[in-house]
Amino acid sequence: MRVLSVRGVLPEHRYRQAEITESFVDRMVTAQLDRRVVERFHANACVDTRHTALPLEQYAELADFGQSNDAFIEAGVALGARAVVDALKAVDLAPSDVDLIISATVTGLAVPSLEARVAGVIGLRPDVKRVPLVGLGCVAGAAGVARLHDYLVGHPDEIAVLMSVELCSLTLQRDDVSVANLVASGLFGDGAAAVVAAGANRAAELLGPAEVGAVQPEVLDSRSRLYPDSERTMGWDVGAGGLKIVLDSKVPELVGHYLREDVDGFLAHHGLTRADIGFYVAHPGGPKVLEAMADALEVGREALQVTWDSLAAIGNLSSASVLHVFADTLRDHPPEPGSYGLLLAMGPGFCSELVLLRA
């Protein structure tokens, strides 16, 4: 399988972190908060700006989970459609060329699922195959790329698309003053992304990228890991108020404990070591997670700099984030032809997904 294009899109509403902090304390939360505590959590997130699905002043007007979810569907369909169309146009393809679409989201509920709604908006074929991925959270961007590869290995003449839509701002609980909710309120942002991929035969037929100098990496393999006794590390509790975040402080510890062995074993299966990896595409789970990841991989900060920059510019977009990092890497830091890369993310389960790339 070859990745033809990756595109990330963001809502039009963009705010400095200080503006979001002020709105969170003054408008969005009904309980009493110590402003200094919130400011500390938000500063520690290493996020400078974020995009939100709605203007900040409108969040206080959302009366319940139903209204928040309605906003999720409306904004999510528009953003997802934009991401898919942008990614297809970048390689001179149309929605009618798509044989399979995988959608990933964990920040709202939609039945029919988002990709079914997007299909009618952009004109996907009536016989398009649909695979919604729900519940994978932050890992779903990497897992979605892996599942594209799984499908296209068996369908080498086809085009497949991954669409990720995450509107994290619509999940914040206004009556929750837990550390997890305060951390989330300073870390997560809103956005969407899309990946267009082709099976081996179809990729060979295409004349090349529509954009001069574009990199179209090959996906060689993937590996999934589900870790024991970690179910309460990350996820949602679903209650009357909607989706309440579960976020354990032990996430960096789990990264440090498992990641190096997982990566080394995966690469060894292909006769490679970490010394052979020329570029990393990592999910921006947060500052402590990124530091633990760098320690586990035994690399300097510069190896994950694109991820650090994405975290500062747009925050953590759950499943869409690693795809934004992927797009930024291919556009602004194109890897050397023939070099190996590793796309990786971790998420609820607790789990990880590794994807081996070759530029």
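I take a cavity to be a set of grid points where a 1.4 Å probe fits but cannot get out, with lining residues having an atom within 4 Å of a point. The model I am reading is predicted.

**Entry 1. The enclosed cavity**

I looked for enclosed space and found 1 cavity of 30 Å³ or more. The largest cavity holds about 40 Å³ of space. I listed its lining as Phe65, Ser68, Asn69, Thr107, Leu170, Thr171, Gln173, Gly242 and Leu243. I then asked which elements each supply at least two residues of this lining. They are α3 (65-89) and β10. Helix α3 gives the most, with 3 residues. By class I noted 3 nonpolar and 6 polar residues in the lining of the largest cavity, and no charged ones.

**Entry 2. The hairpin of β9 and β10**

Since β10 contributes to the cavity lining, I followed this strand next. Strand β10 covers residues 242-247 and runs antiparallel to β9, with 6 bridges joining the two. β9 and β10 form a hairpin, and 2 residues lie between them. Within the pair, I found Val238 opposite Leu243 of β10. Leu243 is also one of the residues lining the largest cavity.

I also looked at the loop ahead of this hairpin, which runs between β8 (218-226) and β9 (234-239) and contains Asp229. Asp229 is not a glycine, yet its phi is positive, at about 55 degrees. Is Asp229 buried or exposed? Its relative accessible area is 86%, above the 50% cut-off, so I recorded Asp229 as exposed.

**Entry 3. The largest pocket**

I turned to open space. The largest pocket contains about 590 Å³ of space. It is lined by 25 residues, of which Val183, Leu187, Leu247, Lys288 and Val289 are the closest to its centre. Four helices, α2 (35-44), α6 (179-187), α8 (251-268) and α9, each supply at least two residues of the lining. I sorted the lining of the largest pocket by class and obtained 17 nonpolar, 6 polar and 2 charged residues.

**Entry 4. Helix α9 and the residue after it**

Helix α9 appears in the pocket lining, and I examined its burial. I found α9 mostly covered, with 8 of its 11 residues buried. The buried residues are Pro287, Val289, Leu290, Ala292, Met293, Ala294, Ala296 and Leu297. Val289 is also among the residues closest to the centre of the largest pocket. I asked what the buried residues of α9 pack against. Their partners are α2, α8, β11 (277-282), α10 and β12.

Glu298 follows α9 and has a positive phi near 55 degrees. I placed Glu298 in the loop between α9 (287-297) and α10 (305-314). The relative accessible area of Glu298 is 54%, over the 50% cut-off, and therefore I entered this residue as exposed.

**Entry 5. Cys138 and its surroundings**

I located Cys138 in the loop between β5 (129-134) and α5 (140-154). Why does Cys138 count as buried? Its relative accessibility is 7%, and burial requires a value under 20%, so Cys138 meets the criterion. Leaving out residues up to four places away in sequence, I found that Cys138 touches Phe188, His283, Asn316, Ser318, Ser319, Ala345, Met346, Gly347 and Pro348. I also checked Thr105, which stands 33 residues from Cys138 along the chain; their C-alpha atoms are separated by 9.1 Å.

**Entry 6. Cis peptide bonds**

I noted a cis peptide bond from Val111 to Pro112, with omega near 5 degrees. Pro112 belongs to the loop between β4 (100-105) and α4 (114-122). I noted another cis peptide bond from Gly349 to Phe350, where omega is near -10 degrees. Phe350 sits in the loop between β12 (340-347) and β13 (351-358).

**Entry 7. The annotated span**

I consulted the UniProt record, an unreviewed entry, which places the feature "domain: Chalcone/stilbene synthase C-terminal" at residues 224-358. In the model, I found this span to be 39% helix and 27% strand. The end C-alpha atoms of residues 224-358 lie 19 Å apart.

Note on methods: Residues numbered from 1 in each chain as written. Predicted model: local features only at pLDDT ≥ 70, side-chain atom pairs only at ≥ 80, totals over all residues. Heavy atoms only, no water. Buried < 20%, exposed > 50% of the residue type's maximum accessible area, 1.4 Å probe, protein only. Contact = heavy atoms within 4.5 Å. 1 Å grid on protein atoms, 1.4 Å probe; cavity = no way out; pocket = protein on both sides within 12 Å on 5 of 7 lines; lining within 4 Å. Points joined across faces, edges and corners; volume = space filled by probe spheres on them. Nonpolar A, V, L, I, M, F, W, Y, C, P; charged D, E, K, R; others polar. Pairing = 2+ DSSP bridges. UniProt positions renumbered as here; feature names shortened; annotations may be inferred.
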